[in-house]
Amino acid sequence: MTLAPMATLRALIWDVDGTLAESERDGHLPAFNEAFRRTGLNWQWDDAMYGELLAVTGGVDRMRSYAKRFDPQSLTHPDFEDVLRDTHRIKNRLYGMRVNEGRVGLRPGVQALIEEAARAGVRQAIATTTSRANVHALLDATLGERWPTLFEALVCGEDVDAKKPDPSVFHLTLDRLDLQADDCLAIEDSPNGLAAASAAGLRCLITESEYFRGADFTGSIRVVGDLDTDKNKGAGDRITLARLREWFADSRPPREVALPARNREIRPGA
Ligand code: XBP
Ligand code: MG
């Protein structure tokens, strides 16, 4: 019997919304509602509705999907697509303002893990379906001007044709890092994020967030709450890099791997 070599964790690939921050609840949702008021859309999303709408990633696609389900009349407006674009632009500006006002902070334990990984030479990247401007705003406001030195790749919604659960954002991130999926751990908070990471052949840790608590995360290597508390160990015992390395080495990469359009070799777990 030949034993498979033990996998070594070489990079962390971070999601943004819901993972680095509760930015959906504290940033995007209130910004969407204020943008609707400003553009004259007679829409108002509450928490329960937004939780449902998050099944669709990407702000513009989310609004379009809401219109189809709940306000089909709006689709017949000749300028509907322009209204969506304007509303989204305004929403992102308001989101940036909220972030600058300090209303969207990093989740507990996030900064400690980022700093620890950086000190240990574990490489880091960001793979998100949000707009680039939103990521810049959040990282500027929370990690300050040194954040570009912490993340080697920053892949955002504008960089791909299809958003999560499509794996494109992860394929591009792996390309930029020049690493194989088997070397990296994705950190996500949503079923769409997990599906995207798994389809790219990545192991995935789930840090449960407001809107996806209790969702089905089968296929992840672990489901934890905030990163400052290991549920199995008790309050105050945070998710350390050592723990991630252990969980990573003890797990297998996902079997369901969608090959990227470009013929890149990705080896699913045996
Ligand atoms: C994030 C998203 C984004 C944000 C809003 O998903 O789906 O659409 O909700 O950002 P994930 P934009 O955390 O899985 O990357 O309005 O810029 O799209
Ligand atoms: Mg997310």
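## Lys164 and the magnesium site

With a relative accessibility of 11%, D17 counts as buried in this predicted model. D17 is also one of the residues that bind the magnesium ion (ligand 2), to which it offers its backbone atom O. The other protein donors of this ion are D15 and D189, each through an OD atom, and the donors lie 2.1 to 2.2 Å from the ion. Along the sequence, the donor residues follow the spacing D-x1-D-x171-D. Distant parts of the chain are thereby linked: D17 belongs to the loop between strand 1 (11–14) and helix 1 (23–39), while D189 belongs to the loop between strand 4 (184–188) and helix 9 (191–199), 172 residues away.

K164 is located in another part of the chain, namely the loop between strand 3 (153–155) and helix 8 (168–177). Beyond its neighbours within four places in sequence, K164 is in contact with several residues, among them the magnesium donor D15. Its contacts also include T57, T128, T129, E188 and N192. A polar atom of the K164 side chain lies 3.0 Å from the backbone oxygen of A127. K164 and A195 are 31 residues apart in sequence, and their C-alpha atoms are 7.7 Å apart in space.

The table lists the relative accessible area of three residues discussed here.

| Residue | Relative accessible area | Class |
|---|---|---|
| D17 | 11% | buried |
| K164 | 4% | buried |
| D189 | 3% | buried |

K164 is classed as buried because its relative accessible area, 4%, is under 20%.

How values were computed
Residues are numbered from 1 along each chain as its sequence is written. Chains are lettered from A and ligands numbered from 1 in the order in which they are written. This is a predicted model: local features need pLDDT of at least 70, side-chain atom pairs count only at pLDDT 80 or more; totals for chains, interfaces and linings use all residues. Side-chain values use heavy atoms; hydrogens and water are left out. Helices (H or I, at least four residues) and strands (E, at least two) are DSSP runs, numbered from the N terminus. Buried means under 20% relative accessible area, exposed over 50%, partly exposed in between (1.4 Å probe, protein chains only). Contact means heavy atoms within 4.5 Å. A polar contact is a pair of N or O atoms within 3.5 Å; within protein, one must be able to donate a hydrogen and the other to accept it, and residues adjacent in sequence count only if both atoms are side-chain atoms. Donors are N, O and S atoms within 2.8 Å of the metal (3.2 Å for Na, K and Ca); water is not among the atoms, so sites may look incomplete.
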